[in-house]
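Reader: I am new to reading protein structures, and I would like to go through this one slowly, with the reasoning spelled out at each step. Could we begin once the structure is in view?

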Amino acid sequence: MKKIEAIIKPFKLDDVKEALNAIDVTGMTIQEIRGYGRQQGHSELYRGAEYVVDFVPKIKIEVIIRNDDEDRVIHAIIEAAKTGKIGDGKIFVSNVEKVIRIRTSEEDENAI
């Protein structure tokens, strides 16, 4: 099993959710996060004063999938989240050793 973590722009969340639902990814966890990459934040004006926003708002999506679904899920996230501009985000893939559904005690792929 794999864990896919995607850091995306907040306004792309609905697009990514729809893309994942379309390929039968049935569950996800999201978090509102802040961070920066190469863009190093940005400057904004508020009531005539300029200030620097060091950390940019982002959304982190986590999904646990079967190994066979890895390429489909990554492709769906990229297509839904891409704007072509700096700060589109990142995708991280890691192995998951065990999954247990608490309610039924099902394990691994049966628990996804």
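Author: Let us start with a term that will be needed throughout: a residue is called buried when its relative accessible area is under 20%, exposed when it is over 50%, and partly exposed in between. Please also keep in mind that this is a predicted model.

Reader: With those cut-offs, is Glu18 buried or exposed?

Author: Glu18 has its place in helix H1, and its relative accessible area is 54%. Because the cut-off for the upper class is over 50%, Glu18 falls into that class, and the word asked for is exposed.

Reader: Which residues of helix H1 are buried, and why can they be said to lie on the same side of the helix?

Author: Helix H1 runs over residues 13-22, and its buried residues are Leu13, Val16 and Leu20. Because these residues cover an arc of only 70 degrees around the axis, they lie on the same side of H1. On the other side of H1, the exposed residues are Asp14, Glu18 and Ala22. The buried names you asked for are therefore Leu13, Val16 and Leu20.

Reader: Which elements do the buried residues of H1 pack against?

Author: Three of the partners are strands, namely E1 (2-8), E2 (29-35) and E5, and there is a helix as well. That helix covers residues 70-81, so that the full answer reads E1, E2, E5 and H2.

Reader: Which element gives the most residues to the largest nonpolar core?

Author: The largest nonpolar core holds 17 residues, and those that touch the most other members are Ile8, Val16, Leu20, Ile61, Val63, Val73 and Ile77. Two or more residues come from each of the elements E1, H1, E5 and H2. The one that gives the most, with 5 residues, is H2.

Reader: Which residues does Ile8 touch, if residues up to four places away in sequence are not counted?

Author: Ile8 is one of the core members that touch the most other members. With residues up to four places away in sequence set aside, Ile8 touches Leu13, Val16, Lys58, Ile59, Ile61, Ala81 and Asp88.

Reader: Lys9 is found in the loop between E1 and H1, so where does its relative accessibility place it, buried or exposed?

Author: Leaving aside its neighbours within four places in sequence, Lys9 is in contact with Lys58, Thr83, Lys85, Ile86, Gly87 and Asp88. The relative accessibility of Lys9 is 15%, and because the limit for the lowest class is under 20%, the word for Lys9 is buried.

Reader: How far apart in space are Val93 and Glu107, C-alpha to C-alpha?

Author: Val93 lies in strand E6, where it is partly exposed with a relative accessible area of 37%. Not counting residues up to four places away in sequence, Val93 touches Lys2, Lys3, Ile4, Glu70 and Ile74. In sequence Val93 and Glu107 are 14 residues apart, while in space the C-alpha to C-alpha distance is 21 Å.

Reader: And how far apart in space are Glu18 and Ala80?

Author: Here the separation in sequence is 62 residues. The separation of Glu18 and Ala80 in space, taken from C-alpha to C-alpha, is 8.5 Å.

Reader: What is the phi of Ser105?

Author: Most residues other than glycine have a negative phi. Ser105, which is found in the segment after strand E6 (89-95), is exposed at a relative accessible area of 52%. Its phi is positive although the residue is not a glycine, and the value is near 65 degrees.

Reader: What is the phi of Asp108?

Author: Asp108 is also found in the segment after E6, and at 26% relative accessibility it counts as partly exposed. Asp108 is not a glycine, yet its phi is positive, at about 55 degrees.

Reader: How much space lies in the largest pocket?

Author: The lining of the largest pocket divides into 9 nonpolar, 3 polar and 6 charged residues, and its largest share, 4 residues, comes from strand E5 (residues 56-65). The space in the largest pocket is about 330 Å³.

Reader: Which of its lining residues are closest to the centre of that pocket?

Author: There are 18 residues that line the largest pocket. The closest to its centre are Val25, Thr26, Gly27, Ile64 and Ile112.

Conventions
Residues numbered from 1 in each chain as written. Predicted model: local features only at pLDDT ≥ 70, side-chain atom pairs only at ≥ 80, totals over all residues. Heavy atoms only, no water. 1 Å grid on protein atoms, 1.4 Å probe; cavity = no way out; pocket = protein on both sides within 12 Å on 5 of 7 lines; lining within 4 Å. Points joined across faces, edges and corners; volume = space filled by probe spheres on them. Nonpolar A, V, L, I, M, F, W, Y, C, P; charged D, E, K, R; others polar. Buried < 20%, exposed > 50% of the residue type's maximum accessible area, 1.4 Å probe, protein only. Arc of directions from axis to C-beta. Contact = heavy atoms within 4.5 Å. Core = buried A, V, L, I, M, F, W, Y, C linked by side-chain atoms within 4.5 Å.
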